[in-house]
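Take a walk through this protein model from its overall layout down to single residues. Keep the sequence and the 3D view open side by side.

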Amino acid sequence: MAEKQGTVQRYRLLWICACLLLIPAAIDAKIVTKCELVKQLTANGISRTYQGHWVCLAKAVSKMDSAKVSQLPNLSYNYGIFQINSKEWCRVGYKGGKCNVRCEDLATDNITKAIQCSKTIQQQNGFKEWQMWEKNCKGKELPDISNCAVVG
């Protein structure tokens, strides 16, 4: 009986610790507006022609949350507004992957590194790298960004 209580207490403590670890991510979360994203895409050299695709992608994969981190069944993680995968494109804790970036740097309010890495992914594999783009954006009506003024 005492052994069972000890196990329950350990699980309860583990659950509390897991919840406490999630609090900073929730506090740091920033929902980027459509026009903020357009401005940042322009600043990072993304053609206005393709910006609707990028906005659609961000809405589909992260709901525009710059700090989103998701664990996948293969135990890798997706990071940031474009949900960039740690298995191939970045490394946890140090610079690495095909984007030569820390995964944690892709999930911050400053989305410049996320945009730069996503450009690399798109140039190498196209938008098809993101299944959610295929499902939600490809051949579909894209978000209207015509009201987003682009100022350097």
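**From fold to residues**

Read from start to end, the protein chain runs α-α-α-β-β-β-α-α. That makes five helices and three strands. Helices (H or I, at least four residues) and strands (E, at least two) are DSSP runs, numbered from the N terminus.

This is a predicted model: local features need pLDDT of at least 70, side-chain atom pairs count only at pLDDT 80 or more, and totals for chains, interfaces and linings use all residues. Residues are numbered from 1 along each chain as its sequence is written, and side-chain values use heavy atoms, with hydrogens and water left out.

How confident is the predictor? The pLDDT is its confidence in each residue, from 0 to 100. The protein chain averages 86, and 79% of the residues score at least 70. Confidence is highest in strand β3 (residues 84–85), at 98, and lowest in helix α1 (residues 2–28), at a mean of 47. Over residues 13–27 the pLDDT is below 50, and this stretch has one contact in the model beyond near neighbours in sequence. Contact means heavy atoms within 4.5 Å.

Now the chain as a whole. Of its 152 residues, 37% are buried. Buried means under 20% relative accessible area, exposed over 50%, and partly exposed in between (1.4 Å probe, protein chains only). The accessible surface comes to about 9500 Å², and carbon and sulfur atoms hold 56% of that. These areas come from the Shrake-Rupley method with a 1.4 Å probe; for residues, only the protein chains shown count as cover. Among contacts in the protein chain with a separation of 6 or more, 53% join residues 24 or more positions apart.

Next, the sheet. Strands of a sheet pair through backbone hydrogen bonds, either parallel or antiparallel. Here the three strands form an open sheet in the order β1-β2-β3, with antiparallel pairing. Its edge strands are β1 (69–71) and β3, each pairing on one side only. Two strands pair if DSSP finds at least two bridges between them. Strand β2 (residues 77–79) is joined to β3 by two bridges. In one pairing, Y79 has I84 of β3 as its bridge partner.

Strand β3 also helps line the largest pocket, as does α5 (131–136): these are the elements that give two or more residues to the lining. The lining has 16 residues, and N78, Q83, N85, E129 and W130 lie nearest the centre. The space inside is about 380 Å³. On a 1 Å grid over the protein atoms alone, a pocket is an open set of points where a 1.4 Å probe fits, with protein on both sides within 12 Å along at least five of seven lines; lining residues have an atom within 4 Å of a point. Grid points are joined across faces, edges and corners, and the volume is the space filled by probe spheres set on the points.

Three single residues close the tour. E36 sits in helix α2 (residues 34–43). With a relative accessible area of 32%, E36 is partly exposed. Leaving out residues up to four places away in sequence, E36 touches K30 and I31. The C-alpha atoms of E36 and A149 are 9.7 Å apart, with their positions 113 residues apart along the chain.

Most residues other than glycine have a negative phi. M64 has a positive phi, near 70°. M64 lies in the loop between α3 (48–62) and β1. Is M64 buried or exposed? M64 is buried, at 5% relative accessible area. L75 also has a positive phi near 70°. L75 lies in the loop between β1 and β2, and L75 counts as exposed because its relative accessibility is 61%.

Note on methods. pLDDT = per-residue confidence, 0-100.
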